[in-house]
Amino acid sequence: MKPALKVGAAMLAAGTVLMAGAAGTARPGPDNEATANTLVIQCANVKQGDLVLITGTPSDAPLIESVAVQVRKLGAFPLISVGSERLARRYYDEVPARFDGQTDQFDLKLASIITARISIDASENPALFADASPERLAAFSKAEKPIAEALLKRNVRQVSLGNGLYPTPATAKLHGLSQEALSSLFWQGVNTDYSSLQDTGEGVQRALAGGKEVRITNPNGTDLKFGIQ
């Protein structure tokens, strides 16, 4: 992820609203129930008694709610944190720069108690912080580091839905696809059968372990060969 966008996420987290539910204008896309099931059960492996932080934007409210319900159905406890790119930008524009290096104490406290975190990472404006000061971006990044370290130290299970490919208009334009085409590819990937995918991966691993050379061909003319010893 580009530094500016990473800082945007950090800034968004620096003053999020915690609530039991969320409302907003939904963006088109997934089967919310199927996606929630995938994220909560297969990806985050949520169990009874888990404390699960769910983050996203108002546009993703229906999916966030489905994730929260799925968490609760397993006997775990969801906490929803909602923010926006507009809020992140206002922090940058209106909050004095002398506070940039502050580590968010709410997020740090949450990092010490949650057992899983599910984030919906959808960037609507990749250029949101294009004009931001490098010094301020570095300060934001440094302030976020203790939170990331605390999550890793406690082995908090973290799932981020997006990874720079969430099918927003801006992301589709970046990759030279229509939003519909990117959305189809993205949600098919998210909702794949991960058990089957793992079996396939292990099969490929076994095949490669017994070989010395890989050759990749395609009717378009691709003919690539390389050693794997």
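These exercises work through strand pairing, a surface patch and salt bridges in one predicted model.

Residues are numbered from 1 along each chain as its sequence is written. In this predicted model, local features need pLDDT of at least 70, side-chain atom pairs count only at pLDDT 80 or more, totals for chains, interfaces and linings use all residues, and side-chain values use heavy atoms, with hydrogens and water left out.

**Exercise 1. Strand 2 and its partner**

Task: Find how strand 2 runs relative to strand 3, and name the unit they belong to.

Solution:
- Strand 2 covers residues 51–56. Strands and helices are DSSP runs, numbered from the N terminus (E, at least two residues; H or I, at least four).
- Six bridges join strand 2 to strand 3, residues 77–82. Two strands pair if DSSP finds at least two bridges between them.
- The two strands run parallel. V52 has P78 in strand 3 as its bridge partner.
- With helix 3 (residues 61–73), the two strands make a right-handed β-α-β unit. Right-handed means that, with the strands pointing away from the viewer, the path from the first strand over the helix to the second runs clockwise.

**Exercise 2. A nonpolar patch**

Task: Identify the residues of the nonpolar surface patch and classify L51 by exposure.

Solution:
- L51, F77 and I113 make the patch, of about 240 Å². Patch residues have over 30% relative accessible area and no salt bridge; nonpolar side chains (Val, Leu, Ile, Met, Phe, Trp, Tyr) are joined within 5 Å, like charges within 9 Å.
- Areas come from the Shrake-Rupley method with a 1.4 Å probe; for residues, only the protein chains shown count as cover.
- L51 has 34% relative accessibility, so it counts as partly exposed. The classes are buried under 20%, exposed over 50%, partly exposed in between (1.4 Å probe, protein chains only).

**Exercise 3. Salt bridges**

Task: Count the salt bridges, then work out which parts the pair R157 and D50 ties together.

Solution:
- The whole structure holds seven salt bridges. The criterion is a side-chain nitrogen of Lys or Arg within 4 Å of a carboxyl oxygen of Asp or Glu.
- R157 and D50 meet at 2.3 Å, N to O. R157 lies in strand 5 and D50 in the loop between helix 2 and strand 2, so the pair ties together parts that are 107 residues apart in sequence.
- R157 is partly exposed at 27%. D50 is buried at 8%.
- D100 and R136 form another salt bridge, at 2.6 Å, N to O. D100 is buried at 6%, and R136 is buried at 15%.
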